[in-house]
Amino acid sequence: MARLEGKVALVTGAASGIGAATAARFAAEGASIAGLDVAKPADAIWDEVDGSAPDAMFHEADVRDEDAVKAAVGAALERFGRIDALVNAAGVVGFGSAHVLEVEEFDRVVDINLKGSFLVSKHVIPTMLEQGSGSIIHLASVEGLVGISGQLAYNASKGGVVLMTKNMALDYSPAGIRVNCICPGGVETPMTDMLKLEALRPIGEKLRSAHLLGRFAKPSEIAAAALFLASDDASFVTGSSLVVDGGYTAGHRMSLD
Ligand SMILES: NC(=O)c1ccc[n+]([C@@H]2O[C@H](COP(=O)([O-])OP(=O)(O)OC[C@H]3O[C@@H](n4cnc5c(N)ncnc54)[C@H](O)[C@@H]3O)[C@@H](O)[C@H]2O)c1
């Protein structure tokens, strides 16, 4: 039996990368999908979701805009009547150390990655409270667990997501809502495409080799973790930060070879 048969999932960042892969995997597992993104998905991406989901809709919205988020959640509820899983995958990367980082750039990254995940959760949770069930999955990052040079705002936003996850798990576990986050290592998505640029290739190679498995993840490998957390297989999992990082945070190899 499909693992999300009869369920409804709201997926942000559904137009690209991990969000798109998650929407497609959840659809293939029997879930109806409400996709949300500030950008329209390419036809090929949405056709895959639409083709396998029992029902699917896409709503254009910026996760920083509370009115737009409210409208998107409202539209999903009007269509499906419930939301069983929320995946907060909308996000951006940002660069800059503290002394050079413009305040506007700090705000942009933190507002999308942290405040955006809060806002969508805020408007989905009342429905989950009424249902007495739900699974919220935030996309954090290994960069919410360990630092990386030159990415102050990204580190701060993802660290915030990890702790926001624990906070929500505390507040909503009595109501039957599980809240977890995923901490991926590098993933081959448009977010990391810049590492293909000639000038940035050496950084890409260094980053890939910092993963014990010697590569970045495919988006489907992160979607598989999201599927676990959304499914009844994770019925005893809440407040956790599921690390899916090919060994990036396991430690450092110190052998002579
Ligand atoms: N790719 C990686 O290496 C990696 C690693 C760890 C964590 N993550 C996290 O996973 C999540 C998904 O990243 P991805 O790699 O799929 O990136 P991506 O760039 O492929 O997709 C991100 C999506 O978020 C959308 N988005 C951006 N700003 C938005 C906004 N204000 N409102 C609504 N949608 C918005 C974009 O339009 C895009 O479709 C992000 O939170 C990212 O930080 C990615």
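The following paragraphs lead through the sheet of this structure and the helices that lie against it.

The structure is a predicted model, in which local features need pLDDT of at least 70 and side-chain atom pairs count only at pLDDT 80 or more, while totals for chains, interfaces and linings use all residues. Residues are numbered from 1 along each chain as its sequence is written.

At the centre of this account is an open sheet of seven strands, paired in parallel in the order E3-E2-E1-E4-E5-E6-E7. Helices (H or I, at least four residues) and strands (E, at least two) are DSSP runs numbered from the N terminus, and two strands pair if DSSP finds at least two bridges between them. Strand E3 (56-60) and strand E7 (241-244) are the edge strands, each pairing on one side only. From one strand to the next the twist averages 15°, with axes fitted as lines to C-alpha atoms, for helices over the stretch in contact, and angles running from 0 to 180 degrees between N-to-C directions.

Strand E2 (residues 32-37) runs parallel to E3 and is joined to E3 by five bridges, with Ala-34 standing opposite Met-57 in E3. Between these two strands the chain passes through helix H2 (residues 43-52), in a β-α-β crossover that is right-handed (with the strands pointing away from the viewer, the path from the first strand over the helix to the second runs clockwise).

Elsewhere in the sheet, six bridges pair strand E5 (residues 134-139) with strand E6 (residues 177-184) in the parallel sense, and Ile-136 has Val-179 in E6 as its bridge partner. Helix H5 (residues 152-172) packs on the sheet, touching E5, E6 and E7, in a direction that makes about 165° with that of E6; residues are in contact if their C-beta atoms, placed from the backbone, lie within 7 Å.

Methods:
Two residues are in contact if their C-beta atoms, placed from the backbone, lie within 7 Å.
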